[in-house]
Amino acid sequence: MKIIACGSVPTVIAPEKYFTGRVLQTPIIEKEAPARLRAIMVSFEPGARTHWHTHPLGQTLYVVSGAGLAQSWGGPIQEIRAGDVISFAPDEKHWHGAAPKSAMEHIAMQEAIDGVHADWLEKVTDEQYGG
């Protein structure tokens, strides 16, 4: 058994090359090979969001608080709220983030192939975010 004490893993500001707006990330777990799981608590201020991206083995989000938006390439923008579980298929191009006037926090869970958890793509424009 291994216990990771609350507060022992620092929260970091998410890099601007992958996010628009202020986003904080607090790692929950990153398993060593042969396991592949990574889980991160991600906190988005109103209007903050990811860039377009994919995950080689898909991604699951569990919305912990607030309200947000998510979209798959070519699909409509979907509202997401606390308690929702969102599942993206492997290599499904998508983005997710807070609603324009509401913060949102989710746990992001994904697995890696050869150490790669995500492939980051272009920025979500204000026009795309606005629908």
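His55 is buried in this predicted model, since its relative accessibility is 3% and the limit for buried is under 20%. His55 belongs to the loop between β6 (53-54) and β7. Its side chain reaches the backbone oxygen of His117 at 2.7 Å. Apart from neighbours within four places in sequence, His55 is in contact with Ala89, Pro90, Asp91, His94, Gln110, His117 and Ala118.

Two of these contacts lead on to other parts of the model. Asp91, one of the residues in contact with His55, sits in the loop between β9 and β10 (94-98). The phi of Asp91 is near 65°, which is a positive value in a residue other than glycine. His117, another residue in contact with His55, also takes part in a polar contact with Arg38, with the two side chains 3.4 Å apart.

Arg38 is found in strand β4 (residues 37-44). Is Arg38 buried, partly exposed or exposed? Arg38 counts as partly exposed because its relative accessible area is 24%, and that class lies between the 20% limit for buried and the 50% limit for exposed. The side chain of Arg38 also makes a polar contact with the side chain of Glu30, at 3.0 Å. Beyond its neighbours within four places in sequence, Arg38 is in contact with Ile29, Glu30, Ala108, Met109, Gln110 and His117. Gln110 thus appears in the contact list of Arg38 and in that of His55. As for the residue that follows His55 in the numbering, Pro56 is 18 residues from Arg38 in sequence and 13 Å from Arg38 in space, C-alpha to C-alpha.

Arg38 also leads to the largest pocket, whose volume is about 300 Å³. Nineteen residues line this pocket, and the closest to its centre are Gln25, Arg38, Ile40, Gln110 and Trp120. The elements that give two or more residues to the lining are β3 (23-30), β4 and β11 (104-111). Of the elements, β4 gives the most, with three residues. By class, the lining is made up of ten nonpolar, eight polar and one charged residues.

The second largest pocket has a volume of about 160 Å³. Which residues line the second largest pocket? They are Lys2, Ile3, Ile4, Ile29, Glu30, Lys31 and Glu32. Divided by class, this lining has three nonpolar, no polar and four charged residues. Ile29 and Glu30, which belong to this lining, are also among the residues in contact with Arg38.

The strand pairing can be followed from β4. Strands β4 and β11 pair in the antiparallel sense over eight bridges, and within this pairing Met41 stands opposite Ile107 in β11. Strand β11 also pairs with β7, again in the antiparallel sense, over seven bridges. Here Val63 stands opposite His106 in β11.

Strand β7 has further partners. Four bridges join β7 to β9, and the two strands run antiparallel. Leu61 has Ile86 as its bridge partner in β9. Strand β7 (residues 59-72) is also joined by four bridges to strand β8 (residues 78-81), and these two run antiparallel as well. In this case Leu69 stands opposite Glu79 in β8. Five residues separate β7 and β8, and the two strands form a hairpin. Gly74, in the turn of this hairpin, has a positive phi of about 85°.

Strand β9 (residues 85-88) shows how side chains are placed along a strand. In a regular strand the side chains alternate between the two faces of the sheet. In β9, Ile86 and Phe88 point to one face and are buried. Val85 and Ser87 point to the other face and are not buried. Ile86, on the buried face, is the residue that bridges to Leu61.

One more loop residue remains. Asp114 lies in the loop between β11 and β12 (119-120). Its phi is near 50°, a positive value in a residue other than glycine. Is Asp114 buried or exposed? Asp114 counts as exposed because its relative accessibility is 79%, and the limit for exposed is over 50%. By contrast, His55, in the loop between β6 and β7, is buried at 3%.

Conventions:
Residues are numbered from 1 along each chain as its sequence is written. This is a predicted model: local features need pLDDT of at least 70, side-chain atom pairs count only at pLDDT 80 or more; totals for chains, interfaces and linings use all residues. Side-chain values use heavy atoms; hydrogens and water are left out. Two strands pair if DSSP finds at least two bridges between them. Buried means under 20% relative accessible area, exposed over 50%, partly exposed in between (1.4 Å probe, protein chains only). Contact means heavy atoms within 4.5 Å. A polar contact is a pair of N or O atoms within 3.5 Å; within protein, one must be able to donate a hydrogen and the other to accept it, and residues adjacent in sequence count only if both atoms are side-chain atoms. On a 1 Å grid over the protein atoms alone, a cavity is a set of points where a 1.4 Å probe fits but cannot get out, and a pocket is an open set with protein on both sides within 12 Å along at least five of seven lines; lining residues have an atom within 4 Å of a point. Grid points are joined across faces, edges and corners, and a volume is the space filled by probe spheres set on the points. Ala, Val, Leu, Ile, Met, Phe, Trp, Tyr, Cys and Pro count as nonpolar, Asp, Glu, Lys and Arg as charged, and the others, Gly among them, as polar.
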